[in-house]
Amino acid sequence: MKKNREKIALIIGSIIIYLALIFLLYLDKKSKENIYLNDKINQLKSEFLITKRTYDKASELFYNTRINNSSIIKYCGDFSKRSAIFNTFYDDYRFLRKVGFYRFMFTLPDGTIYLRMYNFDKYGDKISEITEIANYENNYLSIDKNLFDSLVYLYPIFINNKRICDVYLNVPFYKISDDLANTFNKSYLFIIKKDFLNLKENKGYIQSDLSPDYFVESKFYNQILKTKNSDSFSLSEINKKAKEEIDKKLREEVSFSYPIDINGNTILMTFMLIKSFNNIPIGYLISYESDTTFKVFSRSFYLMISSLLFVMIIINIFIINIIKLKNVAEKKAITDKLTGLFNRSIIDTLIHVEIDRAKRNNKPISILLFDIDHFKKINDTYGHDKGDYALKTIAEIARRTLRKSDYIIRWGGEEFLVILPETDLDGATKVAEKIRSNVENYNFKDIGKVTVSIGVTMLKIGEPLDNAIKRADEALYAAKNKGRNRVEISFY
């Protein structure tokens, strides 16, 4: 017994060490994955800044070379010169539209819109109706109210140190997404929070399929959803599969990366939070790319734990041998040699476990106690060999009648105890009657007809098993007194 305890302790210790090492390797794997995901966020930010700087330089170049060097700009603010200024910069406006700038207009210091290059006839309204402008560290910053999903540039124009007007330019984020895709060979998408959209005025936006709280520019969205990545999965497929988890993460309003598996291929979705000039989250720039790094992490992880596998195989072989020896010993301890049924010692192990489970789950459990009628007469008439034959045959008949989840025990001599989990008194009575009938109808070789008497009861909640067995024994005694070959019930 002591040796068995030592062996089991060694097995458990080995398994604990093995699992601990696997856990440490797993933590290392997750740490590497998190570092990689953070690197991907920084990479997306760098890609965005690289593209943004292109527009920064383009807008500055346009301002410095065309606006400041134009002789007609000094007339900005003179409404009689609007046509002249419009004609002067119209070709510039057309070129700006081609390279990605959307709005180009001139505004007065008081916020009055002096000239829209994209709509000459509309002027005189206030820029505050479409744009919020703030003065921050002597620089002018602006946010487009109707085009939150855009970069905005505002340049003041001074003549003789007097600010006479401002130049306003903007670049929609869907254009930036398109530029990013062409430059870095990935798919990009910008989603904007519903709170920042006037859906009546911004009819070109539709709800994204990542979250009901975010919208996208419909024309660009429909175009990009038709595209396939390098593994021939559309962004629509990816979004729909990731929607539930992504929707939760979007509510946290932080940048993040999320890998998703599609038919064995890893697609990495990286989300960069976009904020307004006053640091309010307004949306996300998303990149989609096929990724093999996560598979590398996984292969490395399994390669490392495989170095421990050899030790575990040896331990498992050792465990199997120990379990076999242990099972043989336990089976001998709880099995009746003649019938192959459980013996009474099972009560202290499996049966009590079953009873405790019934108590926890508030399920009924019933008990049958039966013995062979006139068994002594069988032994005396036909010999003990035939008596053993009758015992084994009845044990087999009862075992076949019962469910796999039921327990049948040779209780002693010609008595058998049956435990019926999740069975009420009515169900137990039917089982008992079936056992009685099957035994009665069986033709015992050289003996003929053999019958059994059965007592039935149900275990009360919290009642000791011995009490229920005693009631079943009383019911069995009643069946004997009433002529045998019958089932009697003891109601509690």
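Colleague: In the loop between which two elements is N362 found?

Modeller: N362 is found in the loop between α7 (350-361) and β13; helices (H or I, at least four residues) and strands (E, at least two) are DSSP runs, numbered from the N terminus. This is a predicted model, in which local features need pLDDT of at least 70 and side-chain atom pairs count only at pLDDT 80 or more, while totals for chains, interfaces and linings use all residues. Residues are numbered from 1 along each chain as its sequence is written, and side-chain values use heavy atoms, with hydrogens and water left out.

Colleague: What is the phi of N362, and is N362 buried or exposed?

Modeller: Phi of N362 is near 55 degrees, a positive value in a residue other than glycine. At 59% relative accessibility N362 counts as exposed, where buried means under 20% relative accessible area, exposed over 50% and partly exposed in between (1.4 Å probe, protein chains only). N160 also has a positive phi, of about 55 degrees, although N160 is not a glycine; N160 lies in the loop between β5 (150-159) and β6 (162-172) and is exposed, with a relative accessible area of 77%.

Colleague: How should I read the disulfide, and which cysteines form it?

Modeller: In general, a disulfide is a covalent bond between the sulfur atoms of two cysteines, and the search accepts pairs of sulfur atoms within 2.5 Å. The structure holds 1 disulfide, formed by C76 and C165 with their sulfur atoms 2.4 Å apart. C76 lies in the loop between α1 and α2 (82-99) and C165 in strand β6, so the pair ties together parts that are 89 residues apart in sequence. The torsion about the S-S bond is about 130 degrees, so the disulfide is right-handed. C76 counts as buried at 6% relative accessibility, and C165 counts as buried at 0%.

Colleague: How do I read a salt bridge within a helix, and where do K52 and D56 lie?

Modeller: An α-helix has 3.6 residues a turn, so residues three or four places apart point the same way. K52 and D56 both lie in helix α1, 4 residues apart, about one turn of the helix, and their side chains meet in a salt bridge (3.0 Å, N to O), the criterion being a side-chain nitrogen of Lys or Arg within 4 Å of a carboxyl oxygen of Asp or Glu. K52 counts as partly exposed at 25% relative accessibility, whereas D56 is buried, with a relative accessible area of 16%. D28 and K32, also 4 residues apart in helix α1, form a salt bridge with the closest N and O atoms 3.3 Å apart. A search of the whole structure finds 32 salt bridges.

Colleague: Which elements do the buried residues of α10 pack against?

Modeller: Helix α10 (residues 425-440) has 16 residues and reaches 22 Å from its first C-alpha to its last, close to the 22 Å expected at 1.5 Å a residue, a span taken as 1.5 Å times one less than the number of residues. The buried residues of α10, including L425, A432 and V439, pack against β13 (365-372), α9 (384-401), β15 (415-421), β16 (452-458) and β17 (487-489), with contact meaning heavy atoms within 4.5 Å. For the chain as a whole, buried residues make up 47% of the 492 residues.
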